[in-house]
Amino acid sequence: MSVENKKISRFELLMDAGFGAQKAGDILIRAFARMGKYVYIEPMIPAEISPPPRTRPALSGVIIRVADFDITNIGNDTDLILASHEIVLDRRLDDEETNVSCRVLLDMGDKKSNEESYENVCKRLTKLGISTFPFEIDEESRALIQSLSGSGQNMYYLGMLSAIYNMSQEVVEAQIQKEFGKKLNEEVLNKNIKIFRNGYVYARANVFFSFEVAGMPRKTEKILIDGNSSMSMGIIDAGIKLFSGYPITPASSIMHTLAKIFRSYGGIVHQAEDEIAAIGAAIGSYFGGVPAITCTSGPGLSLKQEFIGYAAAAEIPLIVIDAQRSGPSTGMPTKTEQSDLPAALFGNHGDNTKVIVSVANVIDCFYAPQMARYLTEKLRVPVFIMSDFQTANSYKIIDKLKPTEMNNVNEIQDFVLERFHMNRLPDNIEMVRDNQASPGVPGGMRRVTGLNSDRAGQINYFSKTSQRAHEVRNAKIHEVRKALKKPEIFGPEEGKIMVVGWGSSRGVIEEAINNSRAQGIPASGMHFRIVYPLPMMIKDIFSKFKKVVTVELSYGDEHKLPPLAMLLRSETLVDVQPMIAQATGRPLRPRVIMQKIKELIS
Amino acid sequence: MSVPVEQKSTEPITLKALNTDNPRWCVGCGDFGILMGLKRFMVDHQIVPDVTVNVSGIGCSGRTPNYINTYGVHAIHGRPITVALGLALARPDLNIFVESGDGDALSIGGNHLIHGVNKNFNCVFLLFDNELYALTKSQTSPTTRKGHPTNTQPSGTYLDPLNPISLVLGMGASFVASTADWIPDHLASTLSAAFKHKGFSFVHISQRCPHYDPDAFDHKTSTWFSFLKHEKGIPPDKRIADKTELIDHDPSNLETAFKYANDSQRYFGLFYQNPNKPRYDEILHGELEKAEKKPRAKILDRFLI
């Protein structure tokens, strides 16, 4: 058996939905983590619950990237695929994310009754130059799976993958115990462990290759966390006391997490009757002086727009999380995109005044709620936290973060502001209305309305009052503009090409720029965490590059600018061009960015 | 999670103290009567404006919070219930009044009315029912009577009106009362009963619109309506009690409540009250109260590997 030492490797487990591929992946990455490796895991989830098995829509699985160093994204291509049958494999091959030396382990259990289909897929693999290793689950394991009413297959595959990645059997079994120990009775648990062992032994004896990714002993406390969990904990840490939402993928898991634990931290979870009611309740709470947040995805954002404009006009603080998914309309609920930027930025009717905070990774997810709370309470304008399916659902191992236990927004710590590349805002920011008292303040009696108001809060349709109200609201945004520091830049601040992105594209930009530079290709990168307003100096930075290009998960072509390119062009008058503007639902890939950079500067 | 506040006002609450700048309703508008009823109720019971919030939607009714010196949220069309609920969850110490119209509550905001009634959170809900859209200049609303011409159905409104009282009784409302803008004593007594009831107190108010539909209610005669009276109910308006029929109705009797709600005759008074309906706000606050308190410093420990 040959062992290939790898610094980094990416593999996939593909199964039918409902058979536990994610569970197996979860156990495996925890075991990886225990052995000191770094992981990044992206689940592939169908938008339906359990589509019929052995159909293309049933594809459900995990992509796992494991390395001996910290990784920031799901990477490029896959080295190894384990597929439970030929149909999910065939479906996944359509995405074209395998590398030239990719190996496929294909379960042939279904072949007898599907000869032709298997042959076709195997022919496709041969054409792609992918080596295929057929196998079948042994008879004993099959009997055990049958006795478990069909479940447990994932344990066999987990065993195989554990062996191929040279994992200690004991470490993985300990994770299985931890995962199922409390949920399953002993008999069922033992059957699962037996199936796992059979898979492990089988792969050790029959698969002639294996991968070794070195692990480093942990010196600091590490956590394994996904974006939505991190955001949920961040909401608690930011001192927010009301979460108001309506079920929608991929935002819902924030509500699920908080529903279990929020009350222990003094918080209420309100599941509203619709998206509009959810944002209305958040606004009501904040009018009462109690920090609140609402959370949604694509279609829900469209529904919330009237209230978002209202909050700006009435000067009631408001935080909206948008976990973006593929659109327009219902689109692809379990695929990633960054195409809500214009809806967030310009979605309400009339003039738009808001701040857009985006998250690049699970660490940002934790600190974004307090950043948003700081901004919205200082400015009384709506503040967005833009996440996306990819960031929301991907898990990563990070150093344990330090909660700040914020009570009052003036307590915000410098390192949080620094993370979002911002200085502290000035203390006395002018409001449209002088009185901003919360109920309970004697004599305060603040009355707010979406109608144009004068300084005293009276309804007023006079020309000068309207102009002033607009100026005051926009001046708040300009305060942020002025407080923004230089955004994060990778590589030198002048050169041939600058690659710009926002939100979840940070990791791939960083990796692509680092790898390009390591290969002697001069390129730089820029990433925005606060994507609106933009800092004052970006035109100067852009002017020191021959080309400025964007990479974004939003559709664009030669006649249509994707959102970030459009925004940067209009704000700077620099000829910013989209380099990648894709709407495939799949994350950006560092290697593709590198290729494009090469093409553009040659 | 409530903000600590002073509950007592040092000044006595007077009608004058509740005034703001002049309301901009048309001369003769029933909304003046409702506003006066609300103020009178506040004075009668010395309701402290510092801890009182009026929340409204859009329309003539929606202007109310701007014309009474309490805290106020003049929100967006059809959604005042959603804002009021957020406020009730965040600040159980506040007195919350919601003003909404027949278009606001029964048309664009119909969904929220269902869930406000069902969640039964503590507030007084005032439905200003003038039986048409007025601020947008005379369009058919869900309660416009069949045949009445409007700008959108000029040959006469096509359908029979919705029956708001029957509707909320059917939804399981815990408090359903009806009154009118031109009987101020009854209006104030109704608000008083509604305020004392803990839960979503639905108050239907027949409201005159002299500008677009002066014939909707004949407020000078009183033969077309009756008062529902009971020891557990709302006392009939003293000034006209002797000119109209008084009906004994036990407000705990849902069956007869439906009977009067669906009658062609109009009834003012307390249709129904159920003090035992569970309250969403109370349940959530109870959960908060009994939850094991945990320090935020350790929130990430559950993710340790």
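**Note on the predicted model: inter-chain sheet, domains of chain A and confidence**

1. Ten strands form an open sheet with mixed pairing, in the order β17(A)-β2(B)-β1(B)-β3(B)-β4(B)-β6(B)-β5(B)-β9(B)-β7(B)-β8(B). The structure discussed here is a predicted model. Its edge strands, each paired on one side only, are β17 (447-449) of chain A and β8 (245-248) of chain B. On average, neighbouring strands of the sheet are turned by 20° against each other, direction ignored.

2. At the chain B edge, β8(B) runs parallel to strand β7 (residues 225-229) of chain B, and four bridges join the two. Within this pairing, B:Phe227 is placed opposite B:Leu246 of β8(B).

3. Chain A is assigned three domains: domain 1 (2-213), domain 2 (224-415) and domain 3 (488-601). Between domain 2 and domain 3 of chain A, the centres over C-alpha atoms lie 26 Å apart. The contact between these domains of chain A involves 22 residues of domain 2 and 20 residues of domain 3.

4. On the side of domain 2 of chain A that touches domain 3 of chain A, at least two residues each come from α12 (341-346), β14 (355-358), β15 (382-388) and α14 (389-393) of chain A. The most is given by β14(A), with four residues. By class, this side of domain 2 of chain A comprises ten nonpolar, eight polar and four charged residues.

5. As to confidence, the model scores ipTM 0.97 and pTM 0.96. Chain B has an average pLDDT of 95, and 97% of its residues score at least 70. Residues 1-6 of chain B fall below 50 in pLDDT, and in the model this stretch has 17 contacts beyond near neighbours in sequence.

Definitions and conventions:
Residues are numbered from 1 along each chain as its sequence is written. Chains are lettered from A and ligands numbered from 1 in the order in which they are written. This is a predicted model: local features need pLDDT of at least 70, side-chain atom pairs count only at pLDDT 80 or more; totals for chains, interfaces and linings use all residues. Domain bounds come from an automatic or database domain assignment. Two residues are in contact if their C-beta atoms, placed from the backbone, lie within 7 Å. Ala, Val, Leu, Ile, Met, Phe, Trp, Tyr, Cys and Pro count as nonpolar, Asp, Glu, Lys and Arg as charged, and the others, Gly among them, as polar. pLDDT is the predictor's confidence in each residue, from 0 to 100. Two strands pair if DSSP finds at least two bridges between them. Axes are lines fitted to C-alpha atoms, for helices over the stretch in contact, and angles run from 0 to 180 degrees between N-to-C directions.
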